[in-house]
Amino acid sequence: MQYQPNQIEAKWKRHWKENKTYKVSNSSTKPKFYILDMFPYPSGAGLHVGHPLGYIASDIYARFKTMNGFNVLHPMGFDAFGLPAEQYALQTGVHPQESTETNIKKYKSQLDNLGFNYDWERQVTTCDPSYYKWTQWIFIELFRHYYNTELNKAKPIEELVDSFEAHGSEAIKAHHSFEGSFSAEEWKQMSGKQKDEVLMNYRLAYLKEGYVNWCEALGTVLANDEVKDGLSERGGHPVEKRSMSQWALRITAYAERMLEGLESLNWSTALKTMQRNWIGRSYGAQVFFDIDGHDQKIEIFTTRPDTIFGATYMVLAPEHDLVSTLTTPAQKEEIENYIAYVNNRSERERMSDVKTVTGAFTGAYAKHPFSDEKIPIWIGEYVLKDYGTGAIMAVPSDDERDHNFATKFDLPIIPVVDQSAFPNAERGQKVGSMINSDFLNGMEVKEAIPAICQKLEDKGIGKKKVNYKLRDANFSRQRYWGEPFPIKYDKDGIAIARDFSELPLDLPEVEDYKPSKEGKSPLSKVSQWVNEGEYTKETDTMPGYAGSSWYFLRYMDANNPDEFASQEALNYWQDVDLYIGGTEHAVGHLMYSRFWHKFLFDKGLVPTNEPFKKLVNQGMIQGVIEFIYLDKKEHDGRKKFICAGLIDPEQKEAFAKIPVHVDFVSNYGSSDSYLNLEGIKKFLDWRPEYANAIFECANGVLKDGLFNSKDSAMDSNLITQSEVGKMSKRYFNVVNPDDVVAKYGADCFRLYEMFLGPIEQSKPWDTKGIDGTSKFLRKLWGLFYTENEEWAVNNESASKESLKTLHTAIKKVRNDIENLSLNTSVSAFMVCVNELKKQNCRNREILKSLLQLLAPFAPFTTEELWEKLGEEGSIHHSSYPIHDESHLIESEVTLPLSINGKKRGELTVDANTSKEDIEDMARNHEITQKWLEDKAIRKVIVVPGRMVNVVIG
RNA sequence: GCGGGUAUGAUGGAACUGGUAGACAUGCUAGACUUAGGAUCUAGUGCCGCGAGGCGUGGGGGUUCGACUCCCUCUACCCGCACCA
């Protein structure tokens, strides 16, 4: 019988589905293991060969764990709300629901094609009302809670209200954004609307008016992590700051716990560092400065309170609330002009141009808290509204930016830290001793910081403070394709959470998907939906990360209509033991999920404090982009392409790089890739706008379909420029796994992706090596069938040699899978099969174990041969082989014989020869004698079973 | 600028707690079988050298009997953050 992967795969795909081979039960006496892949967004382009890398690894691991006696949860689902489907709807009018369903179907078929062991009965789809019902439910719970900083957990908002009624704002310690304070009496006097506004400053999900990232092109606001370099992460559109009223989540309440929690997690240091940076904790002091002629104070945060005597001016962010109050009539025009200038600059401009120092003087003065001197208050772009308090005390002597600002605007500089003892220290480094600083004089910086903090507290003008860079997460999107907020407003505009019985609040149908004017979502146009008697509905929708922040919990009990997941399911599955995915979610999804999880933990709804115990970052599989050079100048009104080999590197500016579909390119992916005549023809059929172009290469010119060759060359060989980059539709370099599977089979594809290298590493896709794994599978088949395609397995007892080969492989593969070193296990399989072949081993006992060992990697082929062996049931429900050390023991060992650490020969000895005997043998060995000449043996080092080193000299 | 990571043949990569550098695979060379081969099999393949031998894991230095592995230092590339007070 011949090896025909396509037939085998079709057969077992059907069989597994019909027999529910991969169904997972929640009631089992086995230990649990939860392995998770990152939630894919089902894009219209489908999967490319890069996506399954992590899925294959997790599938292998999941199957391995199953065969080792675990009850394994390895689910899959879809992060189905999101912008691309809505953008597509805008262009084509196709309902996002419809295009999303089509895409999901395609994804599922592509995934099944690769033989993954998902239990599809547990599929989670975020846009399904039976799922987003619970997303809305969690939102309501967040809305109904505040964060108690004494108990360090979320508590019901009613407890806060009770405390306000009894004691006013001061009794309860809570994480909030409320400015000021009130007594119990004052609270009772407040109107419903006023109370609502106060409570918004405490709720974990709350409405706030503030500066947000507005993206005009997408017609929506974006969260900080959705903005990269001042452009939207999706689509690369410009983003500007705009003040709007938006829902936000108080993730900052959890900043410290999120930081602490990282310690216990088995994640890569890179990922942890990214989260730490994003949270951005810094220690310093909060100080209040009085303003000359005003009642208000300016609150600042500084990490260098010790340098306060060097503070010669203050700077507020241009958006700071006090700016309009402080500005004197004389400076009004200047300040207004400056603010207009800042508003005109896009976020991107601000970020790319950080060296230009700009600012304006408000005309107002603050009082220095120690010297009582008047110091001017400026505004400047370099002070950010979002960081700290949006205001600083400027110490030009000890801060590079303040120094630049002071130099430019001619402001005084007072040196306060003497760094002469540290000649290599830079400005601002925390070394040196204090000068010009009153009672701090003579202290080292490290002593001065606690000393000044104490003084600030004594004077009642400041205190030690921890500051976080982390901002509350923006949670509103002015888009259609997302979860509707379960919120309605009464006639006073008070936000009211819906009763749980009203969930899910379904998305209504809309006429079109365009956002309405004034930055409102398309939902605002459906008035019969928006208006609900005396109430109106919230018309924004939730962002993409809403649904993905808790999906891993739903998998535990995916079809539960009464709870987001039952307590039994949650207590059984606990948390994710292994999460595999890319780093792109480092600060987005992984932060929000941890935050939601901790909130649910506070509520006693989940048994664990962290959702993902261990996380492995898979590398990306990149594509090779093939470009051809187009001369920017036309030649007699015709466009001209030039061979990459003919271009002088210094002249590259004169040419445009046009991406070519990689299917047209010969030697695709290598350094000598080129377009032959046929390739150029295909290119012209594909891009008819270049029909009359000229193609010039080293051995001839193609013009009007005719090739005028030099040196009687037969082909054009227009060399293309190959670059490693994203695999993407726009570069025409996407490789669909279905095509590879059709040609080589899924098992071969799985083995090849694993064989490519360590899972964490990125590498360009290259089909060239796939023959290696294809040959391997055929060799494996060849152990079971003769060349004449006859069954060749016998029942004789296994040879010692074959047992050793097998058990060596078992030992290595087991260890490799545990460490996710899947590339080396593939090579171990190759070694094993090569050796068994040499031994002409056709022994049932050996081959059966080999199949079980390989089953997680090549589920189809092994299942087929398992059946052929006449075994009962699925190989995937059998037990994983365990190695027997006794088969690995050798009677003789060959040790390398080194002279001065360099291998010069070998020494074959009986396995239980004593150290002393080996040393004697080494001393008298002919190789030692040869190298000895007239020198003496100084020492002989014998590492039993390893090596012998003779030191001479 | 700050933080993290990587560097090994022509290529992807291997080497456990320091102990035979280059496993496995691709590519290449030669041969066998074949009408043919982009099938299969065999042998070879780090570099220099006829050889003995020398050199060799980004560069330089160190520790050690012995270093891809540990320490110091420099370089290049990749990723993340970035006026963070």
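Modeller: Before the first helix pair is read, one term is needed: an axis is a line fitted to C-alpha atoms, for a helix over the stretch in contact, and an angle between axes runs from 0 to 180 degrees between N-to-C directions. Please note also that this is a predicted model.

Biologist: At what angle do helix α3 and helix α4 pack, and how far apart are their axes?

Modeller: In general, two packed helices are described by the angle between their axes and the distance between the axes. Here, helix α3 covers residues 83–92 and helix α4 covers residues 96–113; they pack at an angle of about 120°, and their axes are 9 Å apart. Angles of 65 to 115 degrees count as roughly perpendicular and those over 145 as roughly antiparallel; α3 and α4 are therefore oblique to each other. Their crossing is right-handed.

Biologist: Which residues make that contact between α3 and α4?

Modeller: From α3 come A85, E86, Y88 and A89, while α4 contributes P96, S99 and T100. Sorted by character, the residues of the contact of α3 with α4 comprise 4 nonpolar, 2 polar and 1 charged.

Biologist: May we read a second helix pair in this manner? How do α23 and α26 pack?

Modeller: Helix α23 (residues 746–755) packs with helix α26 (residues 822–838) at an angle of about 120°, the axes being 7 Å apart. That angle makes α23 oblique to α26. On the α23 side the contact involves L751, M754 and F755; on the α26 side it involves L822, N823, V826, S827 and M830. The residues of this contact of α23 with α26 divide into 6 nonpolar and 2 polar, with no charged residue.

Biologist: I should like to turn to sheets. In what order do the strands stand in the open sheet that contains β6 and β10?

Modeller: As a general idea, strands of a sheet pair through backbone hydrogen bonds, either parallel or antiparallel. In this case 4 strands form an open sheet, ordered β7-β6-β10-β20, and the pairing is antiparallel. The edges are held by β7 (220–222) and β20 (473–474); each has a single partner strand, so one side of each is left without a neighbour in the sheet.

Biologist: Does a helix belong to this picture, and what does helix α5 touch?

Modeller: Helix α5 (residues 129–143) packs on the sheet and touches β6 (205–215) and β10. The direction of α5 makes about 95° with that of β10.

Biologist: How many bridges join the strands of this sheet, pair by pair?

Modeller: β6 and β10 pair over 10 bridges in the antiparallel sense, and G210 stands opposite M244 in β10. β6 and β7 run antiparallel and are joined by 3 bridges; W214 faces V221 in β7. Strand β10 (residues 240–249) is joined to β20 by 2 bridges, again antiparallel, with L249 opposite A473 in β20.

Biologist: What is found in the hairpin of β6 and β7?

Modeller: This hairpin has 4 residues between its strands, and G219 takes a positive phi near 65°. Another hairpin can be read alongside: β3 and β4 have 4 residues between the strands, and N152 takes a positive phi near 55°. Strand β3 (residues 145–148) and strand β4 (residues 153–156) run antiparallel and are joined by 4 bridges, and Y146 stands opposite K155 in β4.

Biologist: Which strands are at the edges of the open sheet that contains β21 and β24?

Modeller: The order of that sheet of 4 strands is β22-β21-β24-β23, with antiparallel pairing. Its edge strands are β22 (495–497) and β23 (531–532), each pairing on one side only. Strand β21 (residues 487–489) pairs with β22 over 3 bridges in the antiparallel sense, and K488 stands opposite I496 in β22.

Biologist: How should an aromatic pair be read, and what arrangement do W16 and F860 show?

Modeller: A pair of aromatic rings is described by the distance of the centres and the angle of the planes. A search of the whole structure finds 69 aromatic pairs. For W16 and F860, the ring centres are 4.9 Å apart and the planes lie at 25°; planes under 30 degrees apart count as stacked, so this pair is stacked. The pair links distant parts of the chain, with W16 in helix α1 (residues 5–18) and F860 in helix α28 (residues 859–868), 844 residues apart.

Biologist: Lastly, the backbone in loops. Which residues does a cis peptide bond join?

Modeller: The cis bond joins L503 and P504, with omega about -5°; P504 is placed in the loop between β22 and α16 (527–530). In another loop, between α14 (400–409) and β17 (417–418), lies D410. Phi of D410 is near 60°, a positive value in a residue other than glycine.

Notes. Residues numbered from 1 in each chain as written. Chains lettered and ligands numbered in written order. Predicted model: local features only at pLDDT ≥ 70, side-chain atom pairs only at ≥ 80, totals over all residues. Heavy atoms only, no water. Parallel < 35°, antiparallel > 145°, perpendicular 65-115°, else oblique. Left-handed = near helix turned anticlockwise from the far one by under 90°. Contact = heavy atoms within 4.5 Å. Nonpolar A, V, L, I, M, F, W, Y, C, P; charged D, E, K, R; others polar. Pairing = 2+ DSSP bridges. Phe/Tyr/Trp six-rings, centres within 6.5 Å; stacked < 30°, edge-to-face > 60°.
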